[in-house]
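The exercises that follow ask you to read a protein fold from its sequence and coordinates, and each task is followed by a solution that goes step by step. Please keep the structure in view while you work.

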Amino acid sequence: MKDLVVDRRSFDRIIAAGGYISVSTGNAPDGNTILIGKELSDRAMDAAACIGCGACVAACPNASAALFTGAKIAHLSILPQGAPERDHRAVNMVAQMNAEAFGGCTNIGECTGACPKEIPLEVIATMNRDYIRGAWKQRDNIVKTITPMTEWRTGSKADIDPHATS
C-alpha cells in the first residue's frame, strides 16, 4: 500500500512558499463586483483543477514539477484578485521547487499527457513569465535561498519547518 501513496510534503512546501492571496476574507463580496471574462475564468479554473497527484512529476523524464508549480501559480495569478502577490509568489514558489531538487522543465510535454485533470502546458509559460518579471523587479533585494530537504525525517509535523532559510 505504501508504494501507491504519494509523498506530498514537497508539493505542500511549494504551495506554502506562495500559494495565497491577500484579499480580505470577510463577508463574501457580490459576485459581480469584479467582472471576469469567461475565457479568463476558464483558464484559471483549468489551472486550479490540479489535484497534486504527482503524475506529472512521475511522467517527466527530468522529474520536473513545473506543471504542478505552474498550475498553482497560474490559477492565482490569472485572476485580478491574485495580482498583488503575482511576482513575489512566482519567485518564492520556483525557489522552493528548485530547493526540493525537482528537475528542470525541457518542454517535452509528457506531464500533460499523464495529468488526470489535463492541465495545459501553458501554465508553465505563465509561471516562467511571472518568475522572470518577479526576479527582475526583485533583482536588488538580497535573495534568501530555501534550505533543501536532504534527508527524510520521522516524527511530528511540528519538527519540519517548511520556511527554513539559510
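Two residues are in contact when heavy atoms of theirs lie within 4.5 Å. The structure examined here is a predicted model.

**Exercise 1. Describe the overall make-up of the protein, and state what percentage of its contacts between residues at least 6 apart in sequence join residues at least 24 apart.**

Solution. Begin with the secondary structure, which comes to seven helices and zero strands, so that the order of elements from the N terminus reads α-α-α-α-α-α-α. Turn next to the contacts: among those between residues at least 6 apart in sequence, 81% join residues at least 24 apart. Finally, consider burial and surface: of the 166 residues, 31% count as buried, while the protein exposes about 10300 Å², of which carbon and sulfur atoms supply 55%.

**Exercise 2. Find which residues of helix 1 are buried, and work out how they are arranged around the helix axis.**

Solution. Helix 1 covers residues 9-16, and its buried residues are Ser-10, Phe-11, Arg-13 and Ile-14. Seen down the axis of helix 1, these buried residues fall within an arc of 160 degrees, and therefore they line one face of the helix. The cover over them includes helix 3 (55-59), helix 4 (66-77) and helix 5 (86-99).

**Exercise 3. Decide whether helix 4 is largely enclosed or open, and check its length against the expected span.**

Solution. Count the buried residues first: 11 of the 12 residues of helix 4 are buried, so this helix is largely enclosed by the rest of the structure. Among them are Leu-67, Phe-68, Ile-73 and Leu-76, but also Thr-69, Lys-72 and Ser-77. The buried residues of helix 4 pack against helix 1, helix 2, helix 3, helix 5, helix 6 and helix 7. For the length, a rise of 1.5 Å a residue gives an expected span of 16 Å for the 12 residues of helix 4, and this agrees with its end C-alpha atoms, which are 16 Å apart.

**Exercise 4. Identify the residues with the most contacts inside the largest nonpolar core, and find which helix supplies the largest share of it.**

Solution. The largest nonpolar core has 27 residues, and those with the most contacts inside it are Leu-67, Met-97, Phe-102, Ile-119, Val-123, Ile-124 and Met-127. Helix 1, helix 2 (38-48), helix 3, helix 4, helix 5 and helix 7 (122-137) each supply at least two residues of this core, and the largest share, six residues, comes from helix 4. To see the surroundings of one core residue, leave aside the neighbours of Ile-119 within four places in sequence: Ile-119 is then in contact with Asp-46, Ala-47, Ala-49, Cys-50, Leu-67, Ala-71 and Thr-112.

**Exercise 5. Locate the aromatic pairs of the structure and classify the geometry of each.**

Solution. A search of the whole structure finds two aromatic pairs. In one of them, the rings of Phe-11 and Phe-68 have their centres 4.4 Å apart and their planes at 35 degrees, so this pair is tilted. Phe-11 in helix 1 and Phe-68 in helix 4 are 57 residues apart, and the pair thus links distant parts of the chain. Phe-11 counts as buried because its relative accessibility is 4%, and Phe-68 likewise counts as buried, at 2%. Phe-11 and Phe-102 form an aromatic pair that is stacked, with 5.9 Å from centre to centre and 10 degrees between the planes. This pair also links distant parts of the chain, since Phe-102 lies 91 residues from Phe-11, in the loop between helix 5 and helix 6 (110-114). Phe-102 counts as buried at 17% relative accessibility, the cut-off being under 20%. Taken together, Phe-11, Phe-68 and Phe-102 form one aromatic cluster.

**Exercise 6. For Asp-87 and Trp-136, decide which category applies, buried or exposed.**

Solution. Asp-87 is found in helix 5 and, at 13% relative accessibility, counts as buried. Leaving aside its neighbours within four places in sequence, Asp-87 is in contact with Asp-130, Arg-133, Gly-134, Lys-137 and Gln-138. Trp-136 lies in helix 7 and, at 57% relative accessibility, counts as exposed. The C-alpha atoms of Trp-136 and Val-91 are separated by 10.0 Å, although these residues are 45 apart along the chain.

Technical notes:
Residues are numbered from 1 along each chain as its sequence is written. This is a predicted model: local features need pLDDT of at least 70, side-chain atom pairs count only at pLDDT 80 or more; totals for chains, interfaces and linings use all residues. Side-chain values use heavy atoms; hydrogens and water are left out. Buried means under 20% relative accessible area, exposed over 50%, partly exposed in between (1.4 Å probe, protein chains only). Helices (H or I, at least four residues) and strands (E, at least two) are DSSP runs, numbered from the N terminus. The arc is that of the directions from the helix axis to the C-beta atoms. Accessible areas come from the Shrake-Rupley method with a 1.4 Å probe; for residues, only the protein chains shown count as cover. A nonpolar core is a set of buried Ala, Val, Leu, Ile, Met, Phe, Trp, Tyr and Cys residues joined through side-chain atoms within 4.5 Å. Rings of Phe, Tyr and Trp (its six-membered ring) pair if their centres lie within 6.5 Å; planes under 30 degrees apart count as stacked, over 60 as edge-to-face and the rest as tilted. The expected span of a helix is 1.5 Å times one less than its number of residues.
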